[in-house]
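Let's talk through the charged pairs here, one question at a time. Have the viewer open as you read.

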Amino acid sequence: MSTRILAVDTATEACSVALMCDGQIVSRFAVSPREHTQKILPMVDDVLAEAGVTLQQLDALAFGRGPGSFTGVRIGVGIAQGLAFGADLPMIGVSSLQTMAQGAYRVHGYRNVLVAIDARMSEVYCAHYQLDNLGQWIGENSEAVLTPAAFKQSFQLLPEPSLSESISSEPWATAGTGWAAYPELMADNVLSLVSSEIVLPAAEDMLPLALTLWNNGQTSAVEDAQPSYLRNEVTWKKLPGR
């Protein structure tokens, strides 16, 4: 029997759930920035019912660990912990940024991806990823919260596609809400950029990442599941209305 993993994500404006079960993927996705708490559990029920399995029959529960909306990340982690605790499942935290890189690969086959999410306060959550020939994403250590100018400066130093047959011959694709929020990211670049049309993370793109982590034994107990805000909580508390 193949590995069965449920993925849950509310880290951004998107709310999504996906289930990998017996070689099939069942998913739900909605853009609903203020309705995560109302939508996420019915989505979970829907995908489990469609696949004909229960939480207790799963191997693990993956969650979008961020970065993203501070409230959205907290909601997603909390709901995932509740589900995993009730079914006694190990948890797998998956980066929201890497999830979008995986989405760009799933939809268009892009293996060089620049991801930027609008982080407000004139900053972006950002990273650059490359999918190597072993199918592993390289670049998690580049995840950061930066001003658009600082992020742009960082990716100007990345290798320009060449005429070789390696990954460096492929274009750099953009993903995330940051590119529309800060158009200056696209202007006057050393690199030639192409849009992946991936704007928000989707739980179905968490599944291959979660499976790799599962196969590598990189799971955590419910009480040890950790979000990734990149920006610390003290900074968030300074925002108006928080």
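What follows is a short exchange about salt bridges.

This is a predicted model, where local features need pLDDT of at least 70, side-chain atom pairs count only at pLDDT 80 or more, and totals for chains, interfaces and linings use all residues. Residues are numbered from 1 along each chain as its sequence is written, and side-chain values use heavy atoms, with hydrogens and water left out.

Me: How many salt bridges does a search of the whole structure find?
Reply: Happy to start there. A salt bridge here means a side-chain nitrogen of Lys or Arg within 4 Å of a carboxyl oxygen of Asp or Glu. Searching the whole structure on that basis gives 7.

Me: Which residue forms a salt bridge with Asp 22?
Reply: Asp 22 sits in the loop between β2 (14-21) and β3 (24-31), and its partner lies in the segment before β1 (5-9), so the pair ties together parts 18 residues apart in sequence. (Strands are DSSP runs of E, at least two residues, numbered from the N terminus.) The closest N and O atoms are 3.0 Å apart, and the partner is Arg 4.

Me: Is Arg 65, the partner of Glu 140, buried or exposed?
Reply: Glu 140 and Arg 65 form a salt bridge with closest N and O atoms 2.8 Å apart. The pair links distant parts of the chain, with Arg 65 in strand β4 (residues 60-66). Buried means under 20% relative accessible area, exposed over 50%, and partly exposed in between (1.4 Å probe, protein chains only). At 13%, Arg 65 is buried.

Technical notes. Helix = DSSP H or I, 4+ residues; strand = E, 2+ residues; numbered from the N terminus.
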